Amino acid sequence: MRSLQTEIEQRGARIFELVDRHPEPLFSKAGFYQRLMALSMRDERFKVQMFRFVDVLPSLRRSGDIVQHLDEYFTDMRNGLAPLVRTGVRAAKIVPWISGQLLRWNVSGMARQFIAGKNPDDVMNTLRKRHEQRIGFTVDLLGEAVVSEKETDEYATRCLELLEHLARETDGWSDPLDDGTELFPVVNLSVKISALYSQTNPADPADAIAHLAPKLRPILRRAKELGVFINFDMESFSHKNITLDLFKALFAESEFRDWPHAGIVIQAYLRDAEKDLVDLIDWGRARRTRFTVRLVKGAYWDYEKIKSTQNGWSIPVYLQKPESDANFEALSRVLLENESIVTAAFGSHNVRSIAHAQALGDELGIDRTRFEFQLLYGMAGPVKRALVEMGYRVREYCPVGELLPGMSYLVRRLLENTSNEGFLRAKFSDNVSEKILLRDPNGLVRESPNGAGNPDSVSKDRHLLDGASLDVPPGDVYENAPLVNFAYQQSQEEMRAALRQVRARLGKKYPLVIGGERVWIDRTTASLNPSAPDEIVGDVAAAGIPEAERAVKTARDAFAKWSRTPFEERARLLERAAAIMERRRYELSALEVFEVGKPWAEADSDIREAMDFCLFYAQQMRRIGRPRLTQHVPGEESYYHYWPRGVALVIAPWNFPIAILCGMATAALVTGNTVIMKPAEQSAVCGAMLMEIFEEAGVPPGVLNFLPGHGSVIGAHLVDHKDVDLIAFTGSREVGLKIWESAGITRPGQRELKRVVCEMGGKNAVIIDSDADLDEAIVDSIYSAFGYQGQKCSALSRLIVLEENYDRVLERLLSAAASLRVGNPEEPGMTVGPVIDKTAYERILNYIEIGKSEATLAFQHQNVPAKGYFIPPTIFVDVKPNMRIVREEIFGPVLSVLKARDLDEAVKIANGTDYALTAGFFSRSPANIERAKAEIEAGNVYINRSCTGAVVGRHPFGGFKMSGGGTKAGGEDYLLQFLLPRVVTENITRHGFAPEETPLYRDEFRVRG
Ligand SMILES: Cc1cc2nc3c(=O)[nH]c(=O)nc-3n(C[C@H](O)[C@H](O)[C@H](O)COP(=O)(O)OP(=O)(O)OC[C@H]3O[C@@H](n4cnc5c(N)ncnc54)[C@H](O)[C@@H]3O)c2cc1C
């Protein structure tokens, strides 16, 4: 018997032979497209620019805009192509009307290569041709990313219409192989599950399924009546479990249990694909009805890798191409060995993968008409023909839709076709030999020290750098703590368990901690759950003046020793605290859900930020802790180094109850100051937890003191205190300005000029340019404005839209806001929870009334719980820059939308505020993006992404004007605010003799003995 490899090679050779009989270049459409692709494969930078240009083109309405963008994208290219491109652009500029149209026509042609028809009628022409060629079809409706339930309803309606249309138009068509229609109905529809529910939250699969199932049932019912096959396509990893669970739930329902014409996709590039497939097969056997699995490698490889790396998640996809190929083959075997219950559809253009499935099918004695090969429209035409000639069943995946909504699909195909790793490029463009193309992928997987392509071994090297290295970006000297990935069931379960556990201890009492001693006093403040204000989260001691005095004295006394403690010891304290937070992570998040109404992911990212502050500041201290030579000069050495300032008073807000408190306190601690930590009254239990963590981490008595209390009672007293040297404050402008002023007065007996680190509010603007990608702009604007109820100082409150886009933006924005889930954040899928307390509730409602009197109320959410401090997300239009709702900080889920004539006016409006904290800009014009980067007045300017969610080390955070004193939390120079620089110079010459070398760094100055 011949080996499987020999069989594969034989079949592969046969396919290649047939393919070569009808030679066709990779890009079957000659001319423009072929030339662009060839250039893209030669030059990576050209490829990036080209894909970006293709991406923006459909949204450009005027020819002049098209040529303008062409110019911006390509003229400053510095490579071999530059002269060619420049000539083209110059020519285009001469007659923009013609060249604009020409470009649009060419790119549309390019899209038509992958999009089988503009609409159901149009696609029938393609399907008829394929039918004659004995190729079946599955049709997929292209659409914009859905941002609202209105849009999901439209998608569901279009699916139903398409279904009817296809069934009607193919009436009487026979099976291409004249056999097996009971397994392979003629009409086959591929459905994008994400397009049927706009609020899918990976943390809440039950909610997603509850919304998706009712949308799908009518489609399935009608498909069943019409004899149509329905396939659930698979999208990004975060949707995977939901799609699998939904499939299993729906097709187990009595109505659909006996229906065999349902299929789902398994992506072989996922590490857990085999487990998912085996689970599906077990499910199918219990159901006792056939179903289909389309096996593919997966279309979101780059996205999964980028997203996971950004969030610190383990990467769910294989990192080596042969690993995906080998897994595809392993899964092919699982499928074919279970042919009695599951029909296999192999979705690949790779001749090796295809030949493997064929050879294995024969080895297992499976008739070739009982499985099929599926290939994409516009790709690998000769392979399709070859398979048909060999008597295999072939189905083509045919996307239908307009160019604009089809753009992301088109870009994915372009990426795939030009990928260095891809089979199609290797065979049809790079002419790689058959022998190489048919190699066994298992033999090609490279071993790495931590196992093949281990996701956790990626990009760690840069973090092994020691903290003192100066030639790397400051954010690279440590590794950000990962976010919890709530797409995993285990994370969901741990969070639910933590919520139960924290709920059980609500109402506990918490003391002050001064000098390491727990101080119980009668005066307490109840911290309430804003979702249920009759629920006490904790009763926290409220310090008075005597306790404040005691805390200052204790901190002062502790300073002598702590300030002389080696910085390495102080840095380790922070790292131990981070490790404890990691251990107690879910518990701390759960507490935030109860105490400040944070949705799950928001709470988790607060804890992540706190850990990041600890780790980042520890590393930063190592960078600056050692005295550093100022200049090489013979005979003398001067070392620059820092001393701590003294006693630091840390006053924190409730909106990032652990992160900000922790960030300011750790910056003070690691630099050698002693600290009095005053949390906000509304989040004092979170503060108590942080204190507990530092005690467990081993903070010496008196170095960190926990002093909750009312700002009006102890705040002013401490700020004015002669023995407080430094105040780190984050909070309202009103209080911040008072502190700033008061700290400027020198009190009798005061040793130091007080340093104030002051971060206040914002009135943040986002501009949407006329060529912006609205799928992104709407989703990110909604999240920036209403995530955590608009109670982040970075939150969006002024959305400035260029006139040309205004109506379209508004329409989608309002329906997206109407789709938001508002409710108790104990439920995992809530985006909008309650505002912090009664005062905030009343203040925000008052602003809404002001808004109604000044502007036009365009939207107010209808579905808001009656109990708790829930404010309906609200949007105003017809807003003018001088109105109060545009000038004053509201700190709640209220958004004003302003119309701007052009970018000049938009930037003027954005900058026309007292504040300068965050800002955003959505655009695909490189020139406009550069302008926004240069001109927008904000401490943090975000392009084409949300304006909230700063990450420590990556986005050092803080503003200027009335937003703050220009300091950057989580930035490389933040610790300097907590330090006093000092220079020590020594004449090292003795009788004209001096050492030749002076070290760049030296040990800390210490008293010997
Ligand atoms: C009919 C059909 C339907 C499809 N439906 C879906 C779907 O619903 N969902 C979906 O996600 N995909 C789907 N795909 C798959 C996807 O769109 C690509 O076409 C497919 O992944 C390309 O694989 P290939 O075997 O043709 O080519 P190959 O060139 O052999 O493989 C390319 C693939 O290998 C993987 N890869 C590339 N680089 C690496 C690397 N460094 N490490 C590990 N893996 C790597 C990627 O998945 C990449 O797409 C479908 C494909 C077809 C043909």
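This report walks through the ligand site and three helix pairs of the structure above, which is a predicted model.

**Around the ligand**

Let's start with the ligand and its neighbours. There are 31 residues around the ligand, and the ones that come nearest are Met234, Gly298, Ser324, Ser348 and Phe423. Sorted by class, that shell is a mix: 13 of its residues are nonpolar, 10 are polar and 8 are charged.

Now for some polar contacts. Phe423, already on the list of nearest residues, has a polar backbone atom sitting 2.6 Å from an oxygen atom of the ligand. Ala299 also uses its backbone: a polar atom there is 2.9 Å from an oxygen atom of the ligand. With Trp301 it's the side chain that takes part, placing a polar atom 3.4 Å from a nitrogen atom of the ligand. How much of the ligand does the protein bury? On its own the ligand would expose 940 Å², and 94% of that is buried by the protein.

If you want to find the shell in the fold, look at the elements that give two or more residues to it. Three of these are strands, namely S4 (262–267), S5 (291–296) and S7 (372–376), and the others are helices H13 (321–337) and H16 (407–418).

**How some helices pack**

Helix H16 turns up again here, as the partner of helix H3. In general, a packed pair of helices is described with two values, the angle between the axes and the distance between them. Here are those values for three pairs.

| Helix pair | Angle between axes | Axis distance |
|---|---|---|
| H3 (44–56) and H16 | about 160° | 10 Å |
| H9 (205–226) and H10 (237–250) | about 50° | 10 Å |
| H32 (903–911) and H33 (926–935) | roughly 25° | within 11 Å |

What do these angles say about direction? H3 and H16 pack at about 160°, and any angle over 145 degrees counts as roughly antiparallel, so H3 is roughly antiparallel to H16. For H32 and H33, the angle of roughly 25° falls under the 35 degrees cut-off, so the two helices are roughly parallel to each other. H9 and H10, at about 50°, fit none of the parallel, antiparallel or perpendicular ranges and are therefore oblique to each other.

And which hand do the crossings have? H3 and H16 make a right-handed crossing. H9 passes H10 in a right-handed way too, and the crossing of H32 past H33 is likewise right-handed.

Note on methods: Residues numbered from 1 in each chain as written. Predicted model: local features only at pLDDT ≥ 70, side-chain atom pairs only at ≥ 80, totals over all residues. Heavy atoms only, no water. Near = heavy atom within 4 Å. Polar contact = N/O pair within 3.5 Å; in protein donor to acceptor, adjacent residues only side chain to side chain. Areas by Shrake-Rupley, 256 points an atom, 1.4 Å probe, with all protein chains shown as cover. Helix = DSSP H or I, 4+ residues; strand = E, 2+ residues; numbered from the N terminus. Nonpolar A, V, L, I, M, F, W, Y, C, P; charged D, E, K, R; others polar. Axes fitted to C-alpha atoms, helices over the stretch in contact; angles between N-to-C directions. Parallel < 35°, antiparallel > 145°, perpendicular 65-115°, else oblique. Left-handed = near helix turned anticlockwise from the far one by under 90°.
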